[in-house]
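Grab a pencil and work through the exercises below. Each one sets a task and then walks through a solution.

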Amino acid sequence: MDTATQPAGLIRPLSRSVLPVLVVVALVAAGAFSFAVAGSINIPIVIVVGGVVNLALTYVVSRRAEGHRRAVDRTATSVITTLMVAALVPLLSVLWTALSRGTARFDLELFTETMRSVVGEGGGAKHAIIGTAIITGLASLMAVPIGTFTGIYLVEYSRGGRLARVTTSMVDVMTGIPSIVAGLFAYALFSLIQGPGARSGFAGSVALALLMTPIVVRSTQEMLRLVPNELREASYALGVPKWRTITKVVIPTAVAGLLTGVSLSIARVIGETAPLLVAAGLAQDTNLNPFSGRMTSLPVMSYYGYAAPGFPPEADYERGWSAALLLIVLVLVIFTVSRILARVLRPKGLR
Amino acid sequence: MTPSTTAPRGPLGDRVFRRLSVSAGVTVLVALAAVAVFLVFRALPAFTSAQNEIGVGGDNGEGEGFLSYVLPLLFGTVWAALIALLIAMPVAVGVALFITQYASKRIASALGYGIDLLAAIPSVVYGLWGIFVLAPVLARNVYPWLGDNLGFLPFFSGTTSTSGRTMMTAAVVLAIMILPIISAISREVFTQTPALHKEAALALGATRWEMIRMTVLPYGRSGVIAASMLGLGRALGETMAVALILSPADVISLKLLTNQNPNTIAANIALQFPESTGLEVNTLIATGLVLFAATFVVNAMARRVAGGEVND
């Protein structure tokens, strides 16, 4: 706004009070339009039409006062700001919906009761909470060591050799595996061992581990690359063997980032529904054995709450929304804590 | 990173640690190979057995074979993902521009956090939100108007759905879900625009928008394209939102506002798999293999465009 493109005096910048006036004019016009077309004030129409009218007005007024280029600049600013706001609307709406619908059954019973022999109201998500904890925990137990060591291999050991290049591109492919395909794989694997129709918590966690591993590898690679080479060289110069250098110098330097990466990968898979629907299934009661029998998780419970409700359906809808809300809270907590951790634990000297 | 002190034969600890790292890398390869082998193995019956037995659930016994079973699904998958991309891409670029070029540093990081949150919300929640909130709102306020006024376009023709469980609603939700991926990567490439280019443009008297058009957008173009393709790949495989929202039918149709929508591969698996047995399972796994192949191609193209620069 402050770059004079013409000799001073030729431009009369729009005064700040003009733009709000334009917004009001545009909204009134849109309201009238909506009334004429739909017979009532239709809020979506008012917003859309009002937005377009406002853009046009801004352009015309600004053009008269400031010329074509500035008018285009103002219009671009408005469009981009509108897009930004438009992107935030669904986020707020989703959070608000989950809050307002999920709180109805967000009570103590949700944590202490299962769905065993529950018809209609009552019941809870205890079995699903335990199921999610077991399945996600086992998946992390598999994916975190494998992913971290693969990252260490790629950054610290490989010298751009063939194996490293193949591994890198296969990690890329793995990132792109659709989650439901991971579920199908786990089912195919375990139905071979346990016979057709096999569903188990462990099968679910294998599917999740498959989705989690590439995320862990990526973040490990990224974080290890941030560690300055001088640290490694100083350690080698002191005669420290390579593996001690990695465990005592490189990893402690990058530990905040590594932890963040792991927790983000957990946040990413904890809400996965499709693979668990296929590989772990739905059960009404707590199942503590991941190797046999179906095991419910929070997202699957939420899905069936809507997809296959009992009668009356409201009780199942409410439980489904409560499970969804619990899931959102879990994800947000993991997500936020890991972001804060990353900032607090970031070693001095990096960035 | 690889100083000469690391001779192949070091102390015992070194050899063990090295072995551990290498075998982790190999495990990843083995796992991926296992995915391919098991899926192909379980999918084979769908290709080899009598083709008139192929069919899942209601449309069993149509006797048309695997190809005619999977084609409408593949069409629905690609169609939904393309519409979603068409909606998401301009918004994502706008968001990325706002965050990198317009907002102050503080607001930018708060907004970035908000957009990242969009990516963290579980897909089943989007599905529930789509069916409980978005579908009724669109069906009440937007679809009738589109159907009445733009019904001459093939996309908006046909009987407008009153439930809102249409391809359009599914695509909008998919767009919201892939928006964070596209905008995150676009943001990254936009911030990497050399400051000298931007300052040079401004010094020559360019307005902010002219500066963006002359420096930021050309510099970030390949990144944005790659990001969009990664988003497309994500949209292809997205399951639960579509499974919850769409009211599916066994059709190939471009109409976006009706109750007769082509289903997507992933949603179809989620809906049919829990009830399926025998050859039906093999057929569904075979469709999953087709989906895997489609996403693989799209992601590979994205990486090629980006020249190995962009990771999601």
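**Exercise 1. Find out how many residues meet between the two domains of chain B, and what that meeting looks like.**

Solution. Start with the contacts, where contact means heavy atoms within 4.5 Å. Eight residues from domain 1 of chain B touch eight residues from domain 2 of chain B.

Before going on, a word on the ground rules. This is a predicted model, in which local features need pLDDT of at least 70 and side-chain atom pairs count only at pLDDT 80 or more, while totals for chains, interfaces and linings use all residues. Residues are numbered from 1 along each chain as its sequence is written, chains are lettered from A and ligands numbered from 1 in the order in which they are written, and side-chain values use heavy atoms, with hydrogens and water left out.

Next, place the domains. Domain 1 of chain B covers 1-48 and domain 2 covers 67-306, with bounds that come from an automatic or database domain assignment. Their C-alpha centres are 34 Å apart.

Now look at the area. Buried area is the accessible area (1.4 Å probe) that two parts lose on being put together, summed over both. For these two domains of chain B it comes to about 710 Å², with carbon and sulfur atoms giving 81%. On the domain 1 side, B:Leu39, B:Arg42 and B:Ala46 lose the most area to domain 2, together 53% of what that side buries.

Finally, check the chemistry. A salt bridge needs a side-chain nitrogen of Lys or Arg within 4 Å of a carboxyl oxygen of Asp or Glu, and the rule finds zero of them across this interface. A polar contact is a pair of N or O atoms within 3.5 Å; within protein, one must be able to donate a hydrogen and the other to accept it, and residues adjacent in sequence count only if both atoms are side-chain atoms. Between the two domains of chain B, one residue pair is in polar contact (both at pLDDT 80 or more).

**Exercise 2. Sketch the build of chain B.**

Solution. First list the parts: chain B has eleven helices and two strands. These are DSSP runs, numbered from the N terminus: helices are H or I with at least four residues, strands are E with at least two. Along the sequence, the pattern reads α-α-α-α-α-α-α-α-α-β-β-α-α.

Then add the dimensions. Taken along the principal axes, the C-alpha atoms of chain B fill a box of roughly 65 × 65 × 30 Å. Of its 312 residues, 55% count as buried; buried means under 20% relative accessible area, exposed over 50%, and partly exposed in between (1.4 Å probe, protein chains only). Among contacts in chain B with a separation of 6 or more, 78% are between residues 24 or more positions apart.

**Exercise 3. Which side chain meets A:Glu156 in a salt bridge, and which parts of chain A does the pair tie together?**

Solution. The partner is A:Arg232, at 2.7 Å, N to O. A:Glu156 sits in helix H5 (residues 126-157) and A:Arg232 in helix H9 (residues 229-237), so the pair ties together parts of chain A that are 76 residues apart in sequence. As for accessibility, A:Glu156 is buried at 0%, and A:Arg232 is buried at 1%.

Now try A:Asp172. Its salt bridge goes to A:Arg218, with the closest N and O atoms 2.1 Å apart. This pair links helix H6 (residues 162-175) to helix H8 (residues 201-226) of chain A, 46 residues apart. A:Asp172 counts as buried at 11% relative accessibility, and A:Arg218 is buried at 10%. Shared partners join A:Asp172, A:Arg218 and B:Arg303 into one salt-bridge network.

**Exercise 4. Describe how chain A meets chain B.**

Solution. Count the residues: the contact takes 90 from chain A and 89 from chain B. The two chains bury about 8,300 Å² between them, 75% of it on carbon and sulfur atoms. In chain A, A:Ile80, A:Met84 and A:Tyr306 lose the most area to chain B, together 8% of what that side buries.

Then turn to the polar side. There are three salt bridges between the chains, and B:Asp116 meets A:Arg339 in a salt bridge at 2.7 Å, N to O. Nine residue pairs are in polar contact across this interface (both at pLDDT 80 or more). Helix H3 (residues 68-102) of chain A gives the most to the side of chain A that touches chain B, with 18 residues.
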